[in-house]
Amino acid sequence: MMFQPHAFATLAFVALLSPLGAQADQIEATELATMELQPLPTFPGVATGFLIGGFDVDGLYAAQATMAQGSVFPPHTHPDDRLTIVLDGVMYLGEGDTAELEDAVAYPAGTAAITPAGIAHFMLAPKGDVRVLEIGAGPSGTAFLTAD
């Protein structure tokens, strides 16, 4: 069985994203569809924002991310296990060090994927916009694979 969720934030932008999560003494609701996301200039069409926590702190984080049709998030790894829930669209995920559509699996809205720490993976949005919610435990990060 193959599971591989994908992250969309780079460490360079983590500092720019402020957590929107609940305070310890109250319940706070956030409308995911209207949550403000920050574009990642390094990856055109990709935007992200934290609902709670962050990659650079200990504990739970939840990050929402979007990919515009045609965008690519290149092969990379993370030091933590990740749960990704597809909220809208069809996310194409693949394992390995090259981002090829024929090596990816389609994950439609309503599906969830788990990827273990250290697994090289990529994400594509070839057929429409995609929106996901990623959940994990920090500190975390993204290490991009380099071509030899």
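Here are three short exercises on this predicted model, each with a worked solution.

Ground rules: residues count from 1 along each chain as its sequence is written, and side-chain values use heavy atoms, leaving out hydrogens and water. As this is a predicted model, local features need pLDDT of at least 70 and side-chain atom pairs count only at pLDDT 80 or more, while totals for chains, interfaces and linings use all residues.

**Exercise 1. Work out which elements the chain has and in what order they run.**

- Start with the tally: one helix and 11 strands, taken as DSSP runs (helices H or I, at least four residues; strands E, at least two) numbered from the N terminus.
- Now the order: α-β-β-β-β-β-β-β-β-β-β-β from the N terminus on.

**Exercise 2. Find the residues that touch the most other members of the largest nonpolar core.**

- A nonpolar core joins buried (under 20% relative accessible area, 1.4 Å probe, protein chains only) Ala, Val, Leu, Ile, Met, Phe, Trp, Tyr and Cys residues through side-chain atoms within 4.5 Å.
- The largest one holds 15 residues, and Met67, Phe73, Met91, Met123 and Val130 come out on top.
- Two or more residues each come from β3 (59–67), β6 (90–95) and β10 (130–138).
- Zoom in on Val130: its contacts (heavy atoms within 4.5 Å) beyond four places in sequence include Met67, Met91 and Met123.

**Exercise 3. Decide where the coordinates deserve caution.**

- Mean pLDDT (the predictor's confidence in each residue, from 0 to 100) is 85, and 82% of residues reach 70 or more.
- Residues 1–22 stay under 50, though the model gives them 87 contacts beyond four places in sequence.
- Where pLDDT is low, don't read the predicted coordinates in detail.

How values were computed. Buried < 20%, exposed > 50% of the residue type's maximum accessible area, 1.4 Å probe, protein only.
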